[in-house]
Every structure is written in C-alpha cells, then in structure tokens.
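Could you walk me through this structure in the viewer, one selection at a time? I would like to know what to click on next and what I will find there.

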Amino acid sequence: LRARAAMAAGDAQKAVRLLTAEDISTPQGQFLLGEGYLALGEYAKAAEQFQKAETAYPRQAAEKMEVCFREMGDYKMAYYYATKLR
C-alpha cells in the first residue's frame, strides 16, 4: 500500500525500495515493482517483473514489456509483445 502511494506521488525510487525490502511473490506486487523499475529506466529488471506478473495481468504486462524491450533495443521482443496485444 505504501509502495502504491509512493508511485502515485511520483517517487518510483521509494516504491522500489519498499517493494524490494519484502519478498514480493504476488502478481500485483511484481507488476508494481515492474512499474517502479520502468519509471527508473531499469528496463531489464522491469521486464523481468512484468513477465512474472503476465499470467495475472496479460494485457497490461504485454504493453509494459513492449516498452521495456523497445527501450533496450530488442525490437524483435518489442514486436512480439506489440502483436500479442492485437
């Protein structure tokens, strides 16, 4: 809850710090951690978390992973996730 509030306030660094201090094993926590890493520009870490949360949030995770892979320069994977949305 505090991590979500930190993200809403625009403090991704605090959200990531809060989430990594605990064992995040829920898809909701993994997705939020991915959003934090994405906001910090840590695309590989973000993609890893979104992949973990993909079964619970298939569309949202695919959208985020498209961005992550595009930013990392992996256009093949970015295209894969972009087409997965269609």
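## Starting at the pocket

The largest pocket has a volume of about 220 Å³. Keep in mind as you go that this is a predicted model. To see the pocket's walls, select Leu1, Arg2, Ala3, Arg4, Leu18, Leu19, Glu22, Ile24, Thr26, Gln28, Gly29 and Leu32, which line it. Helices α1 (2–8), α2 and α3 are the elements that each give two or more residues to this lining. If you colour the lining by residue type, you should get six nonpolar, three polar and three charged residues.

Now colour the whole model by confidence. The mean pLDDT is 92, and 100% of the residues reach 70 or more. Among the elements, α1 has the lowest mean, 87, while α4 has the highest, 97.

## Ile24, a lining residue in a loop

Next, pick Ile24, one of the residues that line the pocket. You will find Ile24 in the loop between α2 (12–20) and α3 (27–40). Setting aside residues up to four places away in sequence, Ile24 touches Leu19, Gly29 and Gln30. Leu19 and Gly29 are also among the lining residues of the largest pocket.

## Along helix α3

Follow that contact to Gln30, which sits in helix α3. Is Gln30 buried or exposed? Gln30 is buried, because its relative accessible area is 9%, and the cut-off for buried is under 20%. Show its contacts beyond four places in sequence, and you will see Ile24, Ser25, Gln49, Lys52 and Ala53.

Stay in helix α3 and select Leu33. Leu33 also counts as buried, with 6% relative accessibility. Outside its neighbours within four places in sequence, Leu33 is in contact with Val16, Leu19, Thr20 and Gln49. If you want to try the distance tool, draw a line from Leu33 to Gly10: their C-alpha atoms are separated by 14 Å, and they are 23 residues apart along the chain.

## Ala3 and the nonpolar core

Go back to the pocket lining and choose Ala3, which lies in helix α1. Ala3 counts as buried, at 7% relative accessibility. Leaving out neighbours within four places in sequence, Ala3 is in contact with Ala15, Leu18, Leu19 and Leu32. For a longer line across the model, join Ala3 to Glu48: they are 45 residues apart in sequence and 18 Å apart in space, C-alpha to C-alpha.

Ala3 also leads you into the largest nonpolar core, which has 23 residues. Select Ala3, Ala46, Phe50, Met65, Cys68 and Phe69 together, and you have the residues with the most contacts inside that core. The elements giving two or more residues to this core are α1, α2, α3, α4 (43–53), α5 (58–72) and α6 (75–84). In soluble globular proteins, nonpolar side chains tend to be buried together.

From that group, click on Phe69. Which residues does Phe69 contact, leaving aside neighbours within four places in sequence? They are Ala47, Gln51, Asp74, Met77, Ala78 and Tyr81.

## Last stop: Arg59

Finish at Arg59, in helix α5. Arg59 is partly exposed, with a relative accessible area of 47%. Two more distances, both taken C-alpha to C-alpha, help place Arg59. Tyr79 is 20 residues from Arg59 in sequence and 14 Å from it in space. Ile24, from the pocket lining, is 35 residues from Arg59 in sequence and 21 Å from it in space.

Methods. Residues are numbered from 1 along each chain as its sequence is written. This is a predicted model: local features need pLDDT of at least 70, side-chain atom pairs count only at pLDDT 80 or more; totals for chains, interfaces and linings use all residues. Side-chain values use heavy atoms; hydrogens and water are left out. Helices (H or I, at least four residues) and strands (E, at least two) are DSSP runs, numbered from the N terminus. Contact means heavy atoms within 4.5 Å. On a 1 Å grid over the protein atoms alone, a cavity is a set of points where a 1.4 Å probe fits but cannot get out, and a pocket is an open set with protein on both sides within 12 Å along at least five of seven lines; lining residues have an atom within 4 Å of a point. Grid points are joined across faces, edges and corners, and a volume is the space filled by probe spheres set on the points. Ala, Val, Leu, Ile, Met, Phe, Trp, Tyr, Cys and Pro count as nonpolar, Asp, Glu, Lys and Arg as charged, and the others, Gly among them, as polar. A nonpolar core is a set of buried Ala, Val, Leu, Ile, Met, Phe, Trp, Tyr and Cys residues joined through side-chain atoms within 4.5 Å. Buried means under 20% relative accessible area, exposed over 50%, partly exposed in between (1.4 Å probe, protein chains only). pLDDT is the predictor's confidence in each residue, from 0 to 100.
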